[in-house]
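Trainee: I'd like to learn how to read a protein model feature by feature. Could you take me through one?

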Amino acid sequence: MHALAIPATTRVTAMAIWIGIAVTYAQQGGPPDHPAVTVAGRTYTPASILSRNMGTPDDQTTAFTPHRIIANIYYIGTRTLSSFLIVTPQGNILIDTTYERNVPTIQKSIEQLGFRFSDTKIVLGNHAHGDHQEGDAIAKQLTGAQVIAMAEDVPVLQAMKPGGKEHPIDRIVHDGESVTLGGTTLVAHLTAGHTRGATAWTMRVQDGGQSRDVVFFSSLRAPNVITPDVEKEFDRTFALVKKLPCDVPLGDHPAQYEMTEKFARMKPGAVNPFIDKANCLREATIQEAMYRAVLDEQRKGLK
Ligand SMILES: [Zn+2]
């Protein structure tokens with residue numbers, strides 16, 4: 001991408017990538033880049049959200065500084081693709097292996113934190129797209145971990161076969177079921193729409209004598225065309241996410257919870273910036289506004 005070679009401010013670079021994606025959209029015969037929605041003073045379009053989520057190819061594969069988020073939860077992903085490690089006395093839970101080519105990077109981040117990749121006992125996923133779950137097969141090969149999937153995402157996961165490898169599925173969960181390891185329990189909440197089995201995982205941690213609810217939100221990004229089935233899913237999902245107890249919002253792309261900005265604010269003795277109850281629904285608000293705007297355009301025949 002030429003835009004990246006230009007020495008420029010981050011804002012200009014981000015703008016160039018956004019324009020680049022918008023142009024690609026059009027060139028591929030995709031929909032034009034509308035509607036636009038404004039939430040909390042910022043304007044978003046389908047292409048700007050995609051650009052914010054994915055960044056550059058480098059962003060997708062370059063490790064972000066691995067760090068402890070809160071209690072036994074660590075960030076081990078790249079600059080734009082989240083991976084989380086939950087450490088327990090009986091081994092670790094990995095949420096999102098991301099692309100298969102990122103698995104060695106994730107392994108390195110785990111080791112940098114002083115843990116062992118081979119202690120990974122369970123692999124969970126955010127939703128059945130390659131940028132979040134393509135690495136499951138190689139992660140299982142390397143660690144022997146059990147791969148757990150939401151029932152509604154199973155067909156798409158089974159079709160995900162990097163290098164011809166079968167996608168491992170050792171256990172299937174349904175909405176409301178839980179996964180427990182070494183005293184840590186995660187509850188699976190079906191938050192469908194982006195995919196049929198998109199899953200928000202919740203867990204409670206003890207931190208500084210306080211109990212905190214952590215939500216690993218699923219992607220809530222609407223597709224370009226919303227079918228009646230997807231509409232039903234999103235209507236249920238947006239009502240559901242508003243009811244999830246939440247003190248620490250996390251997401252499948254770091255920009256959804258402003259990871260970079262929060263990480264920069266982490267200081268010994270300071271309040272943990274990842275505790276951010278006030279912004280638990282910020283991403284859902286953006287995505288719901290976009291979803292409603294897309295539906296509105298569809299109904300008016302503008303799409
Ligand atoms: Zn996705």
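Mentor: Let's begin with burial: a residue is buried if 20 or more other C-beta atoms lie within 10 Å of its own, exposed if 12 or fewer, and partly exposed in between, with C-beta atoms placed from the backbone. Here, buried residues make up 42% of the 303 residues in the protein chain. This is a predicted model, so local features need pLDDT of at least 70 and side-chain atom pairs count only at pLDDT 80 or more, while totals for chains, interfaces and linings use all residues. Residues are numbered from 1 along each chain as its sequence is written.

Trainee: How many helices and strands does the protein chain have?

Mentor: Helices (H or I, at least four residues) and strands (E, at least two) are DSSP runs, numbered from the N terminus. The protein chain has 10 helices and 14 strands.

Trainee: How do I read a sheet, and what is the strand order in the one with seven strands?

Mentor: Strands of a sheet pair through backbone hydrogen bonds, either parallel or antiparallel. Two strands count as paired if DSSP finds at least two bridges between them. The open sheet of seven strands runs β3-β4-β5-β6-β7-β8-β9, with mixed pairing. At its edges are β3 (67–70) and β9 (171–173), each pairing on one side only. Neighbouring strands are turned by 25 degrees against each other on average, direction ignored; axes are lines fitted to C-alpha atoms, for helices over the stretch in contact, and angles run from 0 to 180 degrees between N-to-C directions.

Trainee: Is strand β7 enclosed or open to the outside?

Mentor: Four of the five residues of β7 (residues 120–124) are buried, so this strand is largely enclosed by the rest of the structure. β7 runs parallel to β6 (residues 91–95), joined by four bridges, with Asn92 partnering Thr120. Between these two strands the chain passes through helix α4 (residues 103–112), and the β-α-β crossover is right-handed; that term applies if, with the strands pointing away from the viewer, the path from the first strand over the helix to the second runs clockwise. Two bridges join β7 to the parallel strand β8 (residues 146–150), where Ile122 stands opposite Gln146.

Trainee: What is the strand order in the sheet of five strands?

Mentor: That open sheet is ordered β10-β11-β12-β13-β14, with mixed pairing. The edge strands, β10 (178–181) and β14 (248–250), each pair on one side only. Its neighbouring strands are turned by 20 degrees on average, direction ignored. Strands β11 (residues 184–190) and β12 (residues 199–207) run antiparallel with four bridges, and Ala188 has Trp201 as its bridge partner. β12 and β13 are also antiparallel, over seven bridges. They form a hairpin with two residues between them, and Gly208 in the turn has a positive phi of about 55 degrees. β13 (residues 210–216) then runs parallel to β14, with three bridges; Val215 stands opposite Pro249 there.

Trainee: Which residues touch the most other members of the largest nonpolar core?

Mentor: In soluble globular proteins, nonpolar side chains tend to be buried together. A nonpolar core is a set of buried Ala, Val, Leu, Ile, Met, Phe, Trp, Tyr and Cys residues joined through C-beta atoms within 7 Å. The largest has 50 residues, and those touching the most other members are Tyr74, Phe84, Leu85, Trp201, Val215, Phe216 and Leu250. Apart from it lies another core of nine residues, including Ala222, Phe234, Ile286 and Met290.

Trainee: Why does the length of helix α10 agree with what is expected?

Mentor: The expected span is 1.5 Å times one less than the number of residues. Helix α10 (residues 282–299) has 18 residues and should span 26 Å; its end C-alpha atoms are 26 Å apart, which agrees. Among its buried residues are Ile286, Met290 and Val294. Their cover includes β1 (37–39), β2 (42–44), α2 (46–54) and α8 (228–241), where a contact means C-beta atoms, placed from the backbone, within 7 Å. Just after α10, Gly301 takes a positive phi of about 75 degrees.

How values were computed:
Contact = placed C-beta atoms within 7 Å.
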